[in-house]
Amino acid sequence: MSRIRHLTLTLLLACLPAVALAAPPPPDATPEQVAAEAYARMKAGNWDAAAETFDPKALAAFRGMMQPILEATAKPDAAKGEAKTEAAGDLSALFLAMVFSPATSLEEIKALSDEQFLARVMKNMTGLGEVTLDSQQILGSVAEGDATVHLVARTKAVASGVALTEMEVITLTRTPAGWRLTMSGELNGLADALSSTLGAMSGDAPAEDAAS
């Protein structure tokens with residue numbers, strides 16, 4: 001499962017620009033308060049509530065990068081003369097089900113809202129990767145104009161029993177609803193990692209490697 005754990009950590013750090021309350025943070029909440037609230041919701045495993053702390057544009061961008069990869073992996077490319085075997089197709093379907101459960105098909109995934117899309121991915125991937133958040137300490141902030149703030153934070157987590165400490169830059173933007181999180185610069189690498197993992201499970205690499 002090493003490939004899945006690595007992908008999960010990449011995904012988690014991309015979202016850790018990223019108290020479990022049912023409502024979004026109030027419009028007058030400071031960037032530090034929104035970041036702390038987001039982390040508290042993530043640590044509690046309440047990813048549906050955590051998704052409410054993200055800028056809607058960031059949620060749409062996350063989905064815009066992920067969903068095309070899922071769709072391309074689930075379908076053979078006739079233009080390239082590709083044909084997936086039944087076994088490879090079953091592996092892709094299994095992976096989609098694990099990541100988006102309880103949704104089990106592309107049609108069900110497409111019906112999710114952007115917030116639900118992020119929440120399903122994060123909830124299931126943190127479980128698959130055996131990742132547990134420990135703590136986050138905000139050390140300082142830098143404003144970039146009136147609509148963007150960067151927070152420096154020390155984040156601790158445990159993955160498969162291994163303690164990890166990361167220095168993170170958490171970026172928030174001012175939206176009509178107040179300060180909200182954006183995705184980190186690791187998002188492009190995350191898309192590549194997901195594409196590689198799904199490609200391996202679809203037959204581009206030995207299935208044993210994907211499950212090791």
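Is Ser 160 buried, partly exposed or exposed? In this predicted model, Ser 160 has a relative accessible area of 31%, and it counts as partly exposed because that value lies between the 20% limit for buried residues and the 50% limit for exposed ones. Ser 160 sits in the loop between E2 and E3, and its phi is positive, near 55 degrees, although the residue is not glycine.

A second backbone feature worth a look is found at Pro 102, in the loop between helix H5 (86–100) and helix H6 (106–110). Here the peptide bond between Ser 101 and Pro 102 is cis, with omega at about 10 degrees.

Helix H2 covers residues 31–43, and its end C-alpha atoms are 18 Å apart, in agreement with the 18 Å that its 13 residues should span at 1.5 Å a residue. Buried residues of H2 include Pro 31, Val 34, Tyr 39 and Met 42. The buried residues of this helix pack against helix H3 (47–51) and against strands E1 (131–144), E2 (148–159), E3 (162–175) and E4 (178–181). After H2 comes Gly 45, with a positive phi near 80 degrees.

Met 42 appears again in the largest nonpolar core, which has 40 residues; together with Phe 100, Phe 117 and Leu 118, Met 42 touches the most other members. Helix H7 (residues 114–128) supplies the largest share of this core, seven residues. Leaving aside residues up to four places away in sequence, Phe 117 touches Phe 62, Arg 63, Met 66, Gln 67, Leu 70, Phe 100, Ile 109 and Leu 112.

On the surface, Leu 139, Val 152, Met 167 and Val 169 make up a nonpolar patch with about 330 Å² of accessible area together. Val 169 belongs to strand E3.

Terms used
Residues numbered from 1 in each chain as written. Predicted model: local features only at pLDDT ≥ 70, side-chain atom pairs only at ≥ 80, totals over all residues. Heavy atoms only, no water. Helix = DSSP H or I, 4+ residues; strand = E, 2+ residues; numbered from the N terminus. Expected span 1.5 Å × (residues − 1). Buried < 20%, exposed > 50% of the residue type's maximum accessible area, 1.4 Å probe, protein only. Contact = heavy atoms within 4.5 Å. Patch = residues over 30% accessible without salt bridge, like charges linked within 9 Å, V, L, I, M, F, W, Y side chains within 5 Å. Areas by Shrake-Rupley, 256 points an atom, 1.4 Å probe, with all protein chains shown as cover. Salt bridge = Lys/Arg side-chain N within 4 Å of Asp/Glu carboxyl O. Core = buried A, V, L, I, M, F, W, Y, C linked by side-chain atoms within 4.5 Å.
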